[in-house]
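Colleague: I'd like a close look at one part of this model, with the rest brought in around that part. Here is the structure I have in mind.

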Amino acid sequence: MDMGEEKEVVSLQTLSKKMDDFAKARDWEKYHSPRNLLLAMVGEVGELSEIFQWRGEVERGLPDWKEEDKVHLGEELSDVLLYLVRLSNVCGVDLGKAALRKLKLNAIKYPAPKQTDHCVGEHSSDNTKLKEDN
């Protein structure tokens with residue numbers, strides 16, 4: 001991206017509207033049942049998985065990847081996202097609100113470890129070990 005370009009912020013609502021318009025323009029709504037959209041998304045997840053299948057672990061940011069591989073990855077990630085957004089819309093689920101609710105539930109289910117003065121960011125089991133070693 002050129003430094004002169006502004007980053008466009010894209011909302012889930014924008015994607016949902018664009019997907020709805022896309023389907024209507026092609027008369028595809030009759031095919032967009034929840035089941036069909038889910039199966040299409042699963043197929044796209046399979047295509048996304050193939051990109052990573054034989055690479056082993058990869059570094060964050062994918063520094064060793066060719067640019068065309070990163071573009072392909074972006075396309076497959078987008079396919080999954082677009083089907084997910086379309087599925088949520090067809091099912092009448094506000095995906096943004098559902099995701100925020102899920103994050104709150106996960107924070108309760110998996111609380112962050114308490115930090116101490118000595119071991120900021122360490123897990124409580126690690127803190128016990130460090131205190132025993134000192």
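Does Asp 21 count as buried, partly exposed or exposed, and at what relative accessibility? Please start there and then walk me through the surroundings.

Modeller: Keep in mind that this is a predicted model. Asp 21 has a relative accessibility of 35%, so it counts as partly exposed: that value falls between the 20% limit for buried and the 50% limit for exposed. Its side chain isn't idle either, as Asp 21 meets the side chain of Lys 17 in a salt bridge, 2.8 Å from N to O. Both residues sit in helix α1, which covers residues 12-25, and they are four residues apart, about one turn of the helix.

That pair belongs to a bigger tally, since a search of the whole structure finds five salt bridges. Another one joins Lys 30 and Asp 27, with the closest N and O atoms 3.0 Å apart. The two partners fall into separate accessibility classes: Lys 30 counts as exposed because its relative accessibility is 56%, while Asp 27 has 48% and is therefore partly exposed.

Then there's Arg 55 with Asp 69, whose side chains meet in a salt bridge at 3.3 Å, N to O. This pair links distant parts of the chain, with Arg 55 in the loop between α2 and α3, Asp 69 in helix α3, and 14 residues separating them. Arg 55 is partly exposed at 35% relative accessibility, and Asp 69 is partly exposed too, at 24%. Beyond that, Asp 20, Lys 24 and Arg 86 are joined into one network by salt bridges that share partners.

The loop that holds Arg 55 also holds Val 58. Val 58 has a relative accessible area of 32%, so it is partly exposed. Leaving out residues up to four places away in sequence, Val 58 touches Phe 52 and Trp 65.

Now for the two helices on either side of that loop. Two packed helices are described by the angle between their axes and the distance between the axes. For α2 and α3, the axes come within 9 Å and cross at roughly 160°. An angle over 145 degrees counts as roughly antiparallel, so that is the label α2 gets relative to α3. The crossing of α2 past α3 is left-handed. On the α2 side the contact includes Leu 37, Leu 38, Met 41, Val 45, Leu 48 and Phe 52, and on the α3 side it includes His 72, Leu 73, Leu 77, Val 80, Tyr 83, Leu 84 and Arg 86. So two names come back here: Phe 52 is also touched by Val 58, and Arg 86 is also part of the salt-bridge network.

Further along α3, which spans residues 67-91, you'll find Ser 88. With a relative accessible area of 11%, Ser 88 is under the 20% limit and therefore buried. Its side chain reaches the backbone oxygen of Val 85 at 2.8 Å. Apart from residues up to four places away in sequence, Ser 88 touches Val 93 and Leu 95.

Zooming out, the chain has five helices and zero strands. Buried residues make up 16% of its 134 residues. Among contacts with a separation of 6 or more, 56% come from residues 24 or more positions apart.

Notes
Residues numbered from 1 in each chain as written. Predicted model: local features only at pLDDT ≥ 70, side-chain atom pairs only at ≥ 80, totals over all residues. Heavy atoms only, no water. Helix = DSSP H or I, 4+ residues; strand = E, 2+ residues; numbered from the N terminus. Buried < 20%, exposed > 50% of the residue type's maximum accessible area, 1.4 Å probe, protein only. Polar contact = N/O pair within 3.5 Å; in protein donor to acceptor, adjacent residues only side chain to side chain. Contact = heavy atoms within 4.5 Å. Salt bridge = Lys/Arg side-chain N within 4 Å of Asp/Glu carboxyl O. Axes fitted to C-alpha atoms, helices over the stretch in contact; angles between N-to-C directions. Parallel < 35°, antiparallel > 145°, perpendicular 65-115°, else oblique. Left-handed = near helix turned anticlockwise from the far one by under 90°.
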